[in-house]
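Okay, thanks everyone, let's get going. I'll put the structure up and then talk you through it.

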Amino acid sequence: MRVLIADDSRVMRQIVIRTLRQAGYDGWDIIEASDGAMALDIALAEAPDLVLSDWNMPELTGIDMLRQLRASGSDVPVAFVTSEGSAQMRQIADEAGALFLIAKPFTPESFRDALEPVLI
Amino acid sequence: MNAVIDTSMSDHVLVIAQDIFTAMIDGEPGGLVPGHVPVSELVDPWHAWVDVRGDVAARAVVTAERGTCDAIARALLSMPDGEDVDRGDLVDAFGEIANVVGGNLKSLIPDSGALTLPQVAPEAPATDGVRAHEVQLSWRGSPVVISLWNLNGTEGE
């Protein structure tokens, strides 16, 4: 399982990686991107099994990254890990084709609940 | 333009902050509790803030003393106690706290536009807005203050 984690905060990327491990997802091959444009480039070039992306990032927001991925024909699965989990944001994410949205702060259980249904 | 931050929203701040510290920093509840030190009494304070910008405008500012910021960064980065924290890690870690506080508060504001990227500085952010609330907290005995501002010049309560 190759997972791209996109967040402009190194601290948050580290926390997401640690939380994945705590949720039981050990041994995943993790790639990191520090802004949305870098995430788009890596997603297009390497087609990871999953992109876990922040929403609010420099260069390109997470939602625009997802829209550009889809516009380019990529069907790489994308989900959001973001500080705002309003119904409005969830609807926007869903309409753009995101798998799910995990709101910060999160727990290992948040990741398990979101990931288990899509890892079949 | 109406004030964004009102009393009902500020009531959520303690819960939001405790959720953040429990999930991201302490791993268990009880680390962050109500405090009693106003922001004006903090020594060597650092400030992290994000704005909500759209039809409404508001700001969430998290303020703590430098040593507390270092401890928060160490906790977030799983660094040993006492290890030096460089400015980049402090800015990243403390900014992320403000980002999550701001994002959660923004979720309470209907049609609230966009959240800015977090900023962190030893100087308080310049503003012509009005501080609506100051929520005084204590993390492991050290003061942490969250201030909520209406940036459109109207009182919040």
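**A walk through the two chains**

Let me start with one side chain: Trp28(A) comes out at 16% relative accessibility, and since the cut-off for buried is under 20%, it counts as buried. Before I go further, keep in mind that this is a predicted model.

So who sits with that tryptophan? Its ring pairs with the ring of Tyr25(A), with 4.8 Å between the centres. The planes are at 35°, so we call this pair tilted. For the label, under 30 degrees would be stacked and over 60 would be edge-to-face, so 35° falls in the remaining class. Tyr25(A) is buried as well, at 14% relative accessible area.

Now, still in chain A, have a look at Phe106(A) and Phe111(A). Which kind of aromatic pair do they form? That one is edge-to-face, with 80° between the planes and 5.0 Å from centre to centre. Both rings are in buried residues: Phe106(A) has 3% relative accessibility, and Phe111(A) has 0%. Over all chains, the count is four aromatic pairs.

Okay, on to the interface. How many residues does each chain bring to the contact? Chain A puts in 21 residues and chain B puts in 22 residues. Together they bury about 1,800 Å², and 50% of that is on carbon and sulfur atoms.

There's a fair bit of polar chemistry to talk about here. We get 15 residue pairs in polar contact across the interface of chain A and chain B, counting pairs with both residues at pLDDT 80 or more. On the chain A side, two helices each supply at least two residues to the face that touches chain B: α1 (10-22) and α4 (87-96). Of everything on that side, α1(A) gives the most, with six residues. If you break that side of chain A down by class, you find eight nonpolar, eight polar and five charged residues.

One of the cross-chain contacts I'd like to zoom in on involves Asp89(B). That residue is in helix α3 of chain B, residues 87-106. Its side chain makes a polar contact of 2.6 Å with the side chain of Arg10(A). If you skip residues up to four places away in sequence, Asp89(B) touches Arg10(A), plus Ala73(B) and Leu77(B) from its own chain. And is Asp89(B) buried or exposed? Buried, at 13% relative accessibility.

Salt bridges next. Between chain A and chain B the count is three. For instance, Lys106(B) and Glu84(A) meet through their side chains at 2.6 Å, N to O. Over all chains, the structure holds 15 salt bridges.

Within chain B, the residue I'd click on is Asp51(B). Which arginines does Asp51(B) meet in salt bridges? One is Arg53(B), at 3.0 Å, N to O, and another is Arg59(B), at 2.5 Å. The surroundings go like this: Asp51(B) is buried at 4% relative accessible area, and Arg59(B) is buried at 8%, whereas Arg53(B) is partly exposed at 42%.

Then there's a bridge inside a helix. Arg66(B) and Asp70(B) are both in helix α2 of chain B, residues 66-76, and they're four residues apart, about one turn of the helix. Their closest N and O atoms are 2.9 Å apart. Arg66(B) is partly exposed at 23%, while Asp70(B) is buried at 12%. Salt bridges can also share partners, and that's how Asp7(A), Asp54(A), Lys104(A) and Glu96(B) are joined into one network.

Last stop, back to helix α3 of chain B, for Val101(B). With 2% relative accessibility, Val101(B) counts as buried. What does Val101(B) contact, leaving aside neighbours within four places in sequence? The list is Ile16(B), Ile20(B), Ala60(B), Val62(B) and Ile146(B). And for a sense of the fold there, the C-alpha atoms of Val101(B) and Val61(B) are separated by 8.8 Å, with their positions 40 residues apart along the chain.

That's my tour. Happy to rotate to any of these if you'd like another look.

Technical notes. Residues numbered from 1 in each chain as written. Chains lettered and ligands numbered in written order. Predicted model: local features only at pLDDT ≥ 70, side-chain atom pairs only at ≥ 80, totals over all residues. Heavy atoms only, no water. Contact = heavy atoms within 4.5 Å. Buried area = accessible area lost by both parts, 1.4 Å probe. Salt bridge = Lys/Arg side-chain N within 4 Å of Asp/Glu carboxyl O. Polar contact = N/O pair within 3.5 Å; in protein donor to acceptor, adjacent residues only side chain to side chain. Nonpolar A, V, L, I, M, F, W, Y, C, P; charged D, E, K, R; others polar. Phe/Tyr/Trp six-rings, centres within 6.5 Å; stacked < 30°, edge-to-face > 60°. Buried < 20%, exposed > 50% of the residue type's maximum accessible area, 1.4 Å probe, protein only.
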